[in-house]
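This report concerns a single protein chain. The sequence and the model are shown first.

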Amino acid sequence: MKKHFARHASVWILVAFCLLLAGFLSLRTGSFFSSKNVVNILEANSYRMILAVGMTFVVASGAIDLSVGSILSLSAIVMAQAMHGGWSVALSVAAGLIVGGALGTVNGTLIHLTRINALIVTLATSFLYRGLALMLTLGAPVTKFPQAFRSFGYGDLFGMESGVTMAILLIAAAFPLMYKMRWGHYLTALGGNPEALKRSGVSTGRYRIGCFAAMGVLAALAGVIITARLNSAEPNAGLDMEMDAITAVIMGGTPLSGGSASLAGTAVAVFLLGMIRNGLTLMSVSSYYQQFITGAILLCAVVSAELRQRRQRVG
């Protein structure tokens, strides 16, 4: 029991924070535990959960992706323009997902071939992809989609949007993929000791590129959810969403240097951040403070993670 708690301490600490925060917000607002508000929290954070799961894969592999928001935007624009061009909803959605995967593949390939730090490469491609989205639309949103696509955004399961269903299914698939299958083990090995993985005969480039391609597909999926929900694809959609994902991943206990992953921690951290945003909204706190608080949480998470790793190295 002690070993289990020590191994998953960050997850249990986050769970405790969630319970304390839920109790505080319930007493302070009186409406936090209403069914409508709980559904609002789940729906508002479904696409964030999808992005955070993908970012967990990337960070566990020893990399980072700052182009997630731009991939989300560009893939959604391509999907939206395909629908306006007469494509069916299914083909248009597939086109958006393929574009997202292709953009992620470009990221992974550039990182693998050039050996340049992923932060620099994805920062550059972030501007490239965002610029393409603006060029394709001339800065104007693409709106008015078929009813079938809008129904997808508002489709419900137990009274919740379909995005919540997709987030749940993704988490259910991510756990065995990360912890029971070769792909997940090689990703963490890639983050922990890539040279040893390469010497064992594993194609590190294949897993590096595959990891970023998966992140691209998940960013595109989040773009589908947001576009269907808003009935609008905007070239500036997804701004700073990669930072939300990174915050959740680091808070959840996945080290920034890679080598291990905590999907459970990521999932709990997404809920905690969502509860904070929701609570601040219920208390009529300005969105400016929400941005400040998110930044402060990220800073604290990074500092505490680094201190924890230093203690482990010393020990």
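The following paragraphs treat the overall fold, one helix pair, one buried serine and two backbone sites.

**Overall fold.** The model is predicted. The chain contains 15 helices and four strands. Its radius of gyration is 20 Å, close to the 20 Å that the globule rule gives for 315 residues, so the chain is as compact as a globular protein of that length. Along the principal axes, the C-alpha atoms occupy a box of roughly 60 × 55 × 35 Å. Of the 315 residues, 50% are buried. The accessible surface amounts to about 15400 Å², and carbon and sulfur atoms account for 68% of that area. When contacts between residues at least 6 apart in sequence are considered, 79% of them link residues at least 24 apart.

**The pair α4 and α12.** Helix α4 spans residues 46-60 and helix α12 spans residues 204-230; the two pack at an angle of about 175 degrees, with their axes 9 Å apart. Because angles over 145 degrees count as roughly antiparallel, α4 is roughly antiparallel to α12. On the α4 side, the contact is formed by S46, Y47, I50, L51, G54, M55, F57 and V58. These residues meet a set in α12 that comprises C211, F212, M215, L218, A219, L221, A222, I225, I226 and R229. By class, the contact of α4 with α12 has 15 nonpolar residues, two polar residues and one charged residue.

**A buried serine.** S73 is located in helix α5, which covers residues 68-84. Its relative accessibility is 0%, and S73 therefore counts as buried, the limit being under 20%. Apart from neighbours within four places in sequence, S73 is in contact with R130, A133, E234, P235, N236 and A237.

**Backbone sites with positive phi.** Most residues other than glycine have a negative phi. Which residue in the loop between α7 and β1 has a positive phi although it is not a glycine? That residue is L138, with a phi of about 55 degrees, in the loop that joins α7 (118-137) and β1 (142-143). K144 also has a positive phi, near 60 degrees, and is a residue other than glycine. K144 belongs to the loop between β1 and α8 (147-154). The table sets out the values for these sites.

| Residue | Phi | Relative accessibility |
|---|---|---|
| L138 | about 55 degrees | 78% |
| K144 | near 60 degrees | 70% |

Exposed means over 50% relative accessible area, so L138 at 78% counts as exposed. K144, at 70%, is likewise exposed.

Technical notes. Residues numbered from 1 in each chain as written. Predicted model: local features only at pLDDT ≥ 70, side-chain atom pairs only at ≥ 80, totals over all residues. Heavy atoms only, no water. Axes fitted to C-alpha atoms, helices over the stretch in contact; angles between N-to-C directions. Parallel < 35°, antiparallel > 145°, perpendicular 65-115°, else oblique. Contact = heavy atoms within 4.5 Å. Nonpolar A, V, L, I, M, F, W, Y, C, P; charged D, E, K, R; others polar. Buried < 20%, exposed > 50% of the residue type's maximum accessible area, 1.4 Å probe, protein only. Rg over C-alpha atoms; globule rule 2.2 N^0.38 Å. Areas by Shrake-Rupley, 256 points an atom, 1.4 Å probe, with all protein chains shown as cover.
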